[in-house]
Amino acid sequence: MKGSQENNKEYIRSTCRLCYNGCGILVEMKNGEPFRVKGDPIHPVSKGALCKKGLASLEYLSSGYRLTQPLIRVGSKKNPQWKEIQWDSALELIAERFADTKKRYGAESIQVIKGGAKGISDVLLKKFADALETPNYTSMASICFVPGEMASRFTYGYYAVPDFDHPPRCIIVWGCNPESSAISIYNDINKAAKKGAKLIVIDPLKSRLAQKADLWLKPRPGTDLPLALAIAHVIIREKLYDRNFVDRWTTGFEQLEKHVRAYTPEKAANITWVDRDKIIEAARLYATNKPGCIQWGNGLETNLNSFQTCRAIAMLRAISGNLAVPGGELRWAQPPTENVFPNPFHHAQANTGDENHERLIYERHQKSLSRNDNLAPFARYVTPPRVVKSVIRKDPYPIRSAFIQGSNILCSYPNSRETFEALKMLEFVVVTDMFMTPTAMMADVVLPAASYLEFDSIEAPCHLPIVSAQQKVASVGESWSDLKILNELAKKLNFKDFWRDERAFLDWVLAPSGLNFEEFKDKGFLEGTKTYMHYEKYGFDTPSGKVELFPAIFQKWGVDPLPVYKELPETPFSDPALSAQYPFIAVSRKSPYFKHSRDRQIPPLRKMHPEPVVIINAAEAQKLGIKDGDIVFVETRRGKIRQKAKLSGDIDKRLIAIDYGWYFPEKKGHQLMGWAASNINILTSNDPPFNKEMGSTNLRGFLCRVSKA
């Protein structure tokens, strides 16, 4: 609905876009201005839930750190000075520089970089990259959502969504903490648990869900794959799998059965540090309490085994008979919009059936930076390490210019010092963002992006089948939406097939629904529908029409048809000598108050998490002379950072948990806002080995040491 009255107050119904969840909100208006934001109780997904970030939405809108006018750099990158310019001049300059770069060096010398998921503006960014004719489009796809999405699609043809409403009788929360990243899912899990669902949490770090769990497994970071295969071993050995489903609706079960014989609970216990009896208990609990579901997360995707770990978990869903059943893992029919939620082209690309389009995609990919990386054919993006290496080493050729949309790569890319060197070497950089960041400070042009309260849009989470209306309720300075920035810049470059304005684009997205955006605002949202037992009528959307536990196409592509565990670099197992020097294993952790490196400009959020914290086992800290609250150094072969020590009895004595994404916006003139002081990516590596299917980087599970500062 466009607006509503409640207790004589006017509300505008909209959608929060501070993260990818797309929670419904009500914006209370006072004298024509937004006064308060709260959760919308009739939103079918969030049901009135709103996290701390969403509740602080108006703080983003009015923040003194906001960028409100286009800026060009007039000082050096080492000591940047800024001059305000008009939008038309800024776009003319960017168009001129990109056209010149393309003419002199070729379109492939321009890199387009996407940050955290921003909905349909990501779709427009990929369209913009295609119009530039550059094959070099980079996102965090290789370590965020896409390994799980592609593993699901190649196993059973769809991205499975847990059916919490039924509810399930068993829930596994694996590699995520929904309280921090998806508050509505956290609430759904709690409700199901109160109704009697068994709860298994698999996470090396303690969370509130772990405290409530019937069973909490704490694997060594990066070893979720052997754990999943050991659970499959127990389920198959004890004949706890769904025989009827396996016989009728899977291919490759015999190969899987033979494959997992080697992954015994005893072997997995040695690798993962999880007690063998707990592995067996988890397998039995999941397999005998049906229906069950697995809520997985990003923690599974940031290492060498990302894609195959997700494949193994997808197989568990299948052999347990939990696909497409009430309380299990559902396929949802998508809402009637243009197929941009999610858009297959901005992450990874499978065959579209359009031969001309496929030929164009293939030919363009042959010119990309990643052409020699031997990734799986469905991974048609450039990974962050490849971008950085190409600038520094000019391999296979140098990137000259970059367009960066909402990404603070200086804090989010692995090996931040090399990323810093690459940013210094680029000839021309454009950054769009709401705030000045360390990355933006190294740009030549900075464009002020609008907050979600400042423009109309259509929003949809990448993991749930719903599209919701987002409504403009305010304006700040000269900030523009990413949609408008890209569309207007496309006009300056004389690109075809863009839109007259933002509204025309939104109407195009909604065309299959028979609604225009004005009508959609009144409706509020469009839902997909749950489909139970869809395979009984249509089969699974795979080449065989069944769940493919052993996809034949993988052999043709050089991809392991069954998941094979590979030990990570820099662990006590792979490098014992290094372990003697760096005795701790590092894992990063997500704060519930920030999204990645963003939000530290927001006073109420910063008050709740004022400084970066590293969690250390209390007994181990005592041996090192470290007390709670001490400032400590955390060090790897690549560098050293400072964070505050927080002692805990719950973390394994061999682990430390490091806050990530830190810089200090309040240090406006201090060495790019102190970007290197506490940034975990000073410690991480951008060198191989990577995940061979998707190029995922090893961002967890590496060796480090700790000392009192």
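Which residues lie nearest the centre of the second largest cavity? In this predicted model, Cys19, Asn21, Cys23, Cys51 and Ile183 do, out of a lining of 15 residues.

**Cavities**

The second largest cavity has a volume of about 100 Å³. Two helices, α1 (52-55) and α6 (178-181), each supply at least two residues of its lining. The greatest contribution is that of α6, with four residues. In the structure as a whole, the count comes to six cavities of 30 Å³ or more.

**Nonpolar cores**

In soluble globular proteins, nonpolar side chains tend to be buried together. The largest nonpolar core here has 81 residues. Within this core, Trp174, Ile200, Ile235, Leu316, Ile319 and Phe540 have the most contacts. Helix α9 (residues 224-237) gives the most to this core, namely 10 residues. A second core, separate from the largest, has 54 residues, including Tyr397, Ala422, Val614 and Leu683.

Ile200 can be followed in detail. Leaving aside residues up to four places away in sequence, Ile200 touches Cys170, Ile171, Ile172 and Val173, and also Leu215, Ala282, Leu285 and Tyr286.

**Helix α5**

Is helix α5 largely enclosed or open? Because 10 of its 11 residues are buried, α5 is largely enclosed by the rest of the structure. The buried residues of α5 are Val146, Pro147, Gly148, Glu149, Met150, Ala151, Ser152, Phe154, Thr155 and Tyr156. The elements that cover them include the strands β14 (292-296) and β23 (547-548), together with the helices α14 (306-319) and α23. After α5 comes Gly157, which has a positive phi, near 90°.

One contact between α5 and α23 is an aromatic pair. Phe154 lies in α5 (residues 146-156) and Trp557 in α23 (residues 552-557), so their pairing ties together parts that are 403 residues apart in sequence. The ring planes stand at 90°, which means that the pair is edge-to-face. Phe154 is buried, with a relative accessible area of 17%, whereas Trp557 is partly exposed, with a relative accessible area of 29%.

**Aromatic pairs and charges over rings**

A search of the whole structure finds 30 aromatic pairs. Two of them are set out below.

| Pair | Distance between ring centres | Angle between planes | Class |
|---|---|---|---|
| Phe154 and Trp557 | 5.6 Å | 90° | edge-to-face |
| Trp499 and Trp508 | 5.2 Å | 50° | tilted |

In the second pair of the table, Trp499 is buried, with a relative accessible area of 16%. Its partner Trp508 counts as partly exposed, at 33% relative accessibility. Trp499 and Trp508 also belong to a cluster linked by ring pairs. The other members of that cluster are Phe98, Phe128, Phe403, Phe428, Phe495, Phe498 and Phe505.

Charged side chains also lie over aromatic rings. Lys126 lies over the face of Tyr137, at 5.7 Å from the ring centre. Arg600 is placed over the face of Phe594, at 4.2 Å from the ring centre.

Note on methods. Residues numbered from 1 in each chain as written. Predicted model: local features only at pLDDT ≥ 70, side-chain atom pairs only at ≥ 80, totals over all residues. Heavy atoms only, no water. Core = buried A, V, L, I, M, F, W, Y, C linked by side-chain atoms within 4.5 Å. Buried < 20%, exposed > 50% of the residue type's maximum accessible area, 1.4 Å probe, protein only. Contact = heavy atoms within 4.5 Å. Phe/Tyr/Trp six-rings, centres within 6.5 Å; stacked < 30°, edge-to-face > 60°. Lys NZ or Arg CZ within 6 Å of the ring centre and 35° of its normal. 1 Å grid on protein atoms, 1.4 Å probe; cavity = no way out; pocket = protein on both sides within 12 Å on 5 of 7 lines; lining within 4 Å. Points joined across faces, edges and corners; volume = space filled by probe spheres on them.
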